[in-house]
Amino acid sequence: MEPGTYDKPVTEGRDADALKLLIMRVQAALYSKGYDPGAIDGVLTPETQSALRMFQLAHGIRATGTMTTPTLDALGVRI
């Protein structure tokens, strides 16, 4: 066994998986609303950030290109 194998908290993997699933849900919601987030792969790529900004601008939300609470609410995505 390699040193440091158990140094990471147990929740780290689950948190990463949960974040990936959230990003995938946001990407799917953007796509369904006519915004192209690129591949629905759970990675917050520049394409996904651009789609988020375009969605935010169109909905009067501060265009940050990030998954803010108002953006998630407008997309209908729950955490």
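1. Let me start with the outward side of helix H2, where Pro 46, Leu 57 and Ala 58 are exposed. Please keep in mind throughout that this is a predicted model. The other side of H2 holds the buried residues, and these are Thr 48, Ala 51, Leu 52, Phe 55 and Gln 56. Viewed down the helix axis, the buried residues of H2 fall within an arc of 135°, so they line one face of the helix.

2. The length of H2 is worth a quick check too. H2 has 13 residues, and at 1.5 Å a residue they should span 18 Å; the end C-alpha atoms are 18 Å apart, so expectation and model agree. Just after H2 comes Gly 60, which takes a positive phi of about 70°.

3. Stepping back to the whole chain, you will find three helices and zero strands. From the N terminus on, the order of elements is α-α-α. The chain has 79 residues, of which 27% count as buried. Among contacts with a separation of 6 or more, 26% are between residues 24 or more positions apart.

4. What makes up the largest nonpolar core? This core has 12 residues, namely Leu 22, Val 26, Ala 29, Leu 30, Tyr 35, Ala 51, Leu 52, Phe 55, Ile 61, Leu 72, Leu 75 and Val 77. Helix H1 (11–32), helix H2 (46–58) and helix H3 (69–75) are the elements that give two or more residues to it. H1 gives the most, with four residues.

5. One core member to click on is Leu 22. Setting aside neighbours within four places in sequence, Leu 22 is in contact with Met 67, Leu 72, Val 77 and Arg 78. Leu 72 and Val 77 belong to the largest nonpolar core as well.

6. Next, have a look at Gln 27, a residue of helix H1. Is Gln 27 buried or exposed? Its relative accessible area is 0%, under the 20% cut-off, so Gln 27 counts as buried. A polar atom of the Gln 27 side chain lies 3.0 Å from the backbone oxygen of Val 43. Not counting residues up to four places away in sequence, Gln 27 touches Pro 37, Ala 39, Ile 40, Asp 41, Gly 42, Val 43 and Thr 48. Of these partners, Thr 48 is one of the buried residues of H2.

7. Thr 71 is the other polar residue I would point you to, and its place is in helix H3. Thr 71 is buried, with a relative accessible area of 0%. Leaving out neighbours within four places in sequence, the contacts of Thr 71 are Leu 52, Phe 55, Gln 56, Ile 61 and Thr 66. Leu 52, Phe 55 and Gln 56 are among the buried residues of H2, while Ile 61 is listed in the largest nonpolar core.

8. Finally, a word on charge pairing. Side chains of opposite charge can pair when their charged atoms come close. How many salt bridges does a search of the whole structure find? The search finds one. Asp 73 forms a salt bridge with Arg 78, and the closest N and O atoms are 3.5 Å apart. Asp 73 is partly exposed, with a relative accessible area of 46%, whereas Arg 78 is exposed, with a value of 53%. Arg 78 also appears among the contacts of Leu 22.

Note on methods. Residues numbered from 1 in each chain as written. Predicted model: local features only at pLDDT ≥ 70, side-chain atom pairs only at ≥ 80, totals over all residues. Heavy atoms only, no water. Core = buried A, V, L, I, M, F, W, Y, C linked by side-chain atoms within 4.5 Å. Buried < 20%, exposed > 50% of the residue type's maximum accessible area, 1.4 Å probe, protein only. Contact = heavy atoms within 4.5 Å. Polar contact = N/O pair within 3.5 Å; in protein donor to acceptor, adjacent residues only side chain to side chain. Salt bridge = Lys/Arg side-chain N within 4 Å of Asp/Glu carboxyl O. Expected span 1.5 Å × (residues − 1). Arc of directions from axis to C-beta.
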